[in-house]
Amino acid sequence: MAQATTSTNNAPVIQAEKVSGPWRDAWRAFRRNKIAMAGLIMIVFFVLIALLAPVIAPYDYKAQELADRLKPPSSEHWFGTDDLGRDLFTRVLYGARISLWVGTFSVVGSIILGTLLGILAGFYGKWVDMIISRMFDILLAFPSILLAIAIVAILGPSLQNALLAIAIVNIPTYGRLVRAKVLGLKNEEYITAARSIGMKDSGILLRHILPNSLTPIIVQGTLGIATAIIEAAALGFLGLGAQPPAPEWGKMLSDSRQFIATAPWTVVFPGVSIMLTVLAFNLMGDGLRDALDPRMKN
Amino acid sequence: MSEPLLQVEHLKKYYPIGGGWFGKSPQLVKAVDDISFTVRKGETFGLVGESGCGKSTTGRSILRLIEPSEGKVIFDGKEITALSPEELRRTRKDMQIVFQDPFSSLDPRHTVQRILEEPLIVHGMGNAKERQAMIQRLIDVVGLTQSHLQRYPHQFSGGQRQRIGIARALSLQPKLIVADEPVSALDVSIQSQVINLLQDLQEEFGLTYIFIAHDLSVVKHICDRVAVMYLGRIVEIADKHKLYTKPQHPYTQALLSAVPEPDPDRKPERIILQGEVPSPANAPIGCAFHTRCPQAMEVCHTHRPELAETDQGHLTACHLFTEMRATGQTHLA
């Protein structure tokens with residue numbers, strides 16, 4: 001697997017004595033990838049911003065100063081103000097909280113459910129696989145954003161429901177990934193070996209199949225956070241996600257779009273923020289894939 | 001003659017291919033087609049044949065790692081084929097397997113320590129401290145050192161990995177070990193080390209082996225009795241010496257004549273078989289070997305020869321010998 005190739009690539013003789021393990025080897029490979037490290041640093045930066053928003057932010061994100069409507073960026077308001085005179089810098093900082101929160105938790109939700117279903121489908125096969133796979137097909141038959149809109153429309157527009165909708169929509173992505181991985185692993189000799197020593201199915205699933213299916217999930221999950229952030233922004237833009245006065249980036253875009261010509265900063269800063277976070281997760285995801293996926297190696 | 005440890009009776013493994021959806025009956029690949037044999041306590045029983053003849057399927061069906069389609073496997077007085085999943089799980093302690101590929105048979109994410117401890121935990125053997133002692137003894141027995149325990153499989157060579165695989169099989173102190181081509185993936189120099197290890201362990205722990213291989217010289221070295229398989233059937237079973245000196249079945253003769261001769265001056269007569277092995281999905285009627293047999297007769301095309309004793313402890317499935325027996329009987333009468 002990935003680890004094997006990694007350690008042979010960089011001087012196996014010296015490495016043999018170093019502390020080594022699948023994850024350590026992957027981290028070594030990841031660290032050498034400058035672009036991926038840039039992604040990781042950006043993500044750490046955004047996470048810090050999100051955590052420290054109340055400390056850094058110069059204003060209250062809800063505070064309206066109607067006298068200062070649509071002010072361009074200045075030393076007082078670094079990113080300018082919006083049409084209600086709220087400080088955009090503050091709102092963009094707080095927006096990082098919402099986007100990272102939605103991105104992370106919707107992906108965690110999809111991963112948990114998708115992995116569970118995927119493992120069951122792949123391991124037990126037959127009719128179990130039939131039912132689960134057809135469910136995935138049905139979910140995949142709809143464009144994801146349309147399905148998310150439908151789910152939010154049923155549940156009512158709110159940030160929680162948007163998160164839930166995004167999580168549901170993405171279940172099949174992880175489910176199919178895990179199913180495919182499990183189908184491959186099932187025929188590995190070490191699974192037969194585990195059975196031959198008398199391990200129960202549950203033990204084989206937890207100790208051998210799950211740990212060995214993790215790498216593609218981690219890669220897909222990182223890339224998935226990027227997608228989820230865009231989907232959350234899209235739902236926010238459509239008024240189906242975060243509700244005012246929550247400083248959600250997508251919502252900020254839609255609120256300001258009528259001022260795009262007169263006060264472009266109202267659109268540029270939230271827009272650039274979305275782009276940078278998504279870019280960061282994509283860069284890191286690609287780097288993780290290179291570090292973890294043996295097929296990407298020479 | 002020691003008592004039997006394992007009896008295999010009319011074992012069959014058929015795989016359906018195609019069909020099945022619209023009432024069309026699926027075609028069957030007969031990977032293992034009605035084979036019977038007995039393995040005695042303490043012996044090494046060889047199972048040889050070319051690729052795809054069903055040796056591995058047989059080995060795995062015996063352990064029910066593959067569910068046999070039909071037939072009985074009786075191990076140590078227990079009918080393996082009739083056990084419930086839970087009983088089977090507990091019985092696995094006594095019968096283990098060593099795999100052919102030392103690279104895929106060890107979980108890449110587990111350390112050697114964990115690989116060796118897992119069987120002990122599964123069967124609730126000892127507490128943490130006792131298990132540690134057992135693992136240290138195991139690693140010693142197979143010729144590795146303590147410092148290897150914290151490493152991962154990819155940090156070992158093929159021979160070392162195979163030793164880990166053997167240690168894992170030994171950890172539960174089994175009575176029977178199915179060695180599924182344990183050395184064919186290794187370098188020749190390493191092969192002999194592993195073979196010797198297997199022999200030493202057999203002596204030390206009183207193990208019984210089913211040794212699956214396609215390398216006849218290796219089989220000659222390690223086995224006591226040998227069964228030759230062709231297209232899912234056993235064509236000949238005999239004591240090693242008898243099989244190698246007086247092979248009876250034309251297939252065995254051809255197989256043995258292909259073994260490389262170390263002495264360059266001796267030019268053994270090679271029996272070159274014509275044609276290919278038929279597909280097991282479409283095995284010939286009658287004797288499976290008749291399509292390639294240099295001595296095929298009329299009866300071989302229509303009737304499947306049964307495995308029958310032709311000499312003491314020598315069983316052959318060939319009409320040449322059924323004929324002989326029949327004529328022998330007429331002479332007597």
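The following paragraphs describe the fold of chain A, the nonpolar cores and one helix pair in a predicted model.

Chain A contains twelve helices and zero strands, so that, read from the N terminus, every one of its elements is α. Along the principal axes, the C-alpha atoms of this chain fill a box of roughly 75 × 50 × 30 Å. Of its 298 residues, 47% count as buried, and among the contacts in chain A with a separation of 6 or more, 70% join residues 24 or more positions apart.

The largest nonpolar core comprises 142 residues, and those with the most contacts inside it include Ala162(A), Ile166(A) and Ile229(A) as well as Ile210(B), Phe211(B), Val228(B) and Ile234(B). Helix 10 of chain A, spanning residues 201–237, supplies the largest share of this core, with 15 residues. Beyond its neighbours within four places in sequence, Ile210(B) is in contact with Val39(B), Phe45(B), Leu47(B), Gly59(B), Leu176(B), Val178(B) and Ala179(B). Another core, of 13 residues, lies apart from the largest one and has Leu88(A), Phe89(A), Val92(A) and Ala263(A) among its members.

Helix 10 of chain A also packs against helix 12 of chain A (residues 265–292), the two axes coming within 8 Å and crossing at roughly 170°. Because angles over 145 degrees count as roughly antiparallel, helix 10 of chain A is roughly antiparallel to helix 12 of chain A. On the side of helix 10, the residues that meet helix 12 include Ile218(A), Thr222(A), Ile225(A) and Ile229(A), while those contributed by helix 12 include Ile274(A), Phe281(A), Gly285(A) and Arg289(A). The residues of this contact divide into 14 nonpolar, five polar and one charged.

Technical notes: Residues numbered from 1 in each chain as written. Chains lettered and ligands numbered in written order. Predicted model: local features only at pLDDT ≥ 70, side-chain atom pairs only at ≥ 80, totals over all residues. Helix = DSSP H or I, 4+ residues; strand = E, 2+ residues; numbered from the N terminus. Buried ≥ 20, exposed ≤ 12 C-beta atoms within 10 Å, placed from the backbone. Contact = placed C-beta atoms within 7 Å. Core = buried A, V, L, I, M, F, W, Y, C linked by C-beta atoms within 7 Å. Axes fitted to C-alpha atoms, helices over the stretch in contact; angles between N-to-C directions. Parallel < 35°, antiparallel > 145°, perpendicular 65-115°, else oblique. Nonpolar A, V, L, I, M, F, W, Y, C, P; charged D, E, K, R; others polar.
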